[in-house]
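Me: I would like to understand how the words used for a protein model are justified, one term at a time. Could you take me through the reasoning slowly?

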Amino acid sequence: MTRSARTAVTANENELLDAARKGDEDAFGRLVGPYRVELHAHCYRMLGSVPDAEDALQDALLSAWRGLPRFEGRSSLRSWFYKIATNACLKAIERRPRRVLPIDYAPAADPHDGPAEPVTESVWLEPYPDEGLGLEGGLLGPDARYEQREGIELAFTAALQHLPARQRAVLILRDVLGFSARETADALETTSVSVDSALQRAHKSVDERLPKQTQQATLRSLGDQALGEVVDRYVAAWERNDVDAVVAMLTEDAWMTMPPLPSWYSGREAIAGFLRGWPLSDEKRWRLVPTSANAQPAFGGYLWDEGTQTFRAHSVEVLTLRGTRIEEVTAFLTAHAFSQFGLPDRIAG
């Protein structure tokens, strides 16, 4: 962006800010608009839940609207919005348990026992409907360590949830958003020294939980054609209940989880036993609709319902790849999430 363009943006922001301070809600909406997508993703990274992220963002925007007279312009408007959103998330975290995946909740299950009863409390990480939201790749700042889309991958989001809340905020602000230590300290009302210390501790914890290669790097190395072939093979195998074909696509140490069920299965043999006994048993019929979740290949899974003679929304399945093989299948059994992905509740047979 040229200097003249930056000046124009700043001038326009100042005009909108003046109008918003006088009670113009439309001006406030236009002021927030360029930041809404990245603020929503920020709240999701902090909270691991789309509904919680939406609630926190709404609380933050209401606080920003009410606090406009106190904005003195000593920081950028973007930094000010992030400060308010971060603190809204920190308050939300105080009110509820952290969100995890089943692998962090219970040991691997025996496929012969069948899946356990669902745990319905708000303890599960939820999928993020990134497709169509406009969340770009690349770094948000020169000091950022992770690309925007890397910062919503399942493994990264899950690793974040294991951090204490303020360490989580520091790592996101510094490494995903590229804020300086001073800006981060201002957002959290602490010192740069404390920020650097928290970041060092957060790195140690998160790095222990992350794979060697991000999904974005894996997807780039595959290319669109090879990824499309993986997606097509998976859909075809699942829709014809071909357990052997699905299992052949897995890595030897693959695992399968299905929140809100605490049961999860580790290794190709265990996954095969579970698939044969339950989701891909002879009486089940499926349709899979490709989509994207957490910047990874995903599917809306629809199960045949004899009563309505339609395929009804059942699960959002997210694939984690290692090369052309599937390392993890995370099937979120949350039919209510389909609307967030722009998917219908049911499809014709």
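The questions and replies that follow concern a predicted model.

Me: Why is phenylalanine 28 called buried, and what is tryptophan 65 called?

Reply: Buried means under 20% relative accessible area, and phenylalanine 28 is at 10% relative accessibility, so phenylalanine 28 counts as buried. Tryptophan 65 is at 26% relative accessibility, and because partly exposed covers what lies between 20% and 50%, tryptophan 65 counts as partly exposed.

Me: What makes the pair of phenylalanine 28 and tryptophan 65 edge-to-face?

Reply: A search of the whole structure finds 15 aromatic pairs. In the pair of phenylalanine 28 and tryptophan 65, the rings are 5.3 Å centre to centre, which is within the 6.5 Å that a pair requires. The planes stand at 65° to each other, and since an angle over 60 degrees counts as edge-to-face, that is the name the pair receives. The pair also links distant parts of the chain, with phenylalanine 28 in helix 2 and tryptophan 65 in helix 4, 37 residues apart.

Me: Why is the pair of phenylalanine 71 and tryptophan 80 called tilted?

Reply: The centres of phenylalanine 71 and tryptophan 80 are 4.9 Å apart, and the planes make an angle of 40°. Stacked needs an angle under 30 degrees and edge-to-face one over 60, so the angle of 40° makes this pair tilted. Phenylalanine 71 has a relative accessible area of 8% and tryptophan 80 one of 13%, so both fall under the 20% limit and are buried. Ring pairs link Phe71 and Trp80 with Tyr35 and Phe81 into a cluster.

Me: Where else does tryptophan 80 appear?

Reply: Trp80 is among the residues with the most contacts inside the largest nonpolar core, which has 77 residues. Helix 5 (residues 77-94) gives the most to this core, with 11 residues. A second, separate core of 35 residues includes Leu222 and Val246. Trp80 also lies, with Lys83, Ile84, Asn87 and Glu189, nearest the centre of the largest pocket, among the 29 residues that line it. The volume of that pocket is about 760 Å³, and the largest share of its lining, eight residues, comes from helix 5.

Me: How do you know that glutamate 189 is exposed, and what is said of its phi?

Reply: Exposed means over 50% relative accessible area, and glutamate 189 has 66%, so glutamate 189 is exposed. Glutamate 189 lies in the loop between helix 8 and helix 9, and its phi is near 55°, a positive value in a residue other than glycine.

Me: Is alanine 295, which also has a positive phi, buried or exposed?

Reply: Alanine 295 has a phi of about 60° although it is not a glycine, and it lies in the loop between strand 3 and strand 4. At 2% relative accessibility, alanine 295 is under the 20% limit and therefore counts as buried.

Me: What makes us say that the charged end of arginine 285 sits over the ring of tryptophan 304?

Reply: The charged end of arginine 285 is 4.4 Å from the centre of the ring of tryptophan 304, which is within the 6 Å limit. The term also demands a position within 35 degrees of the ring normal, and the charged end of arginine 285 is described as sitting over the ring.

Definitions and conventions. Residues are numbered from 1 along each chain as its sequence is written. This is a predicted model: local features need pLDDT of at least 70, side-chain atom pairs count only at pLDDT 80 or more; totals for chains, interfaces and linings use all residues. Side-chain values use heavy atoms; hydrogens and water are left out. A nonpolar core is a set of buried Ala, Val, Leu, Ile, Met, Phe, Trp, Tyr and Cys residues joined through side-chain atoms within 4.5 Å. Buried means under 20% relative accessible area, exposed over 50%, partly exposed in between (1.4 Å probe, protein chains only). Helices (H or I, at least four residues) and strands (E, at least two) are DSSP runs, numbered from the N terminus. Rings of Phe, Tyr and Trp (its six-membered ring) pair if their centres lie within 6.5 Å; planes under 30 degrees apart count as stacked, over 60 as edge-to-face and the rest as tilted. On a 1 Å grid over the protein atoms alone, a cavity is a set of points where a 1.4 Å probe fits but cannot get out, and a pocket is an open set with protein on both sides within 12 Å along at least five of seven lines; lining residues have an atom within 4 Å of a point. Grid points are joined across faces, edges and corners, and a volume is the space filled by probe spheres set on the points.
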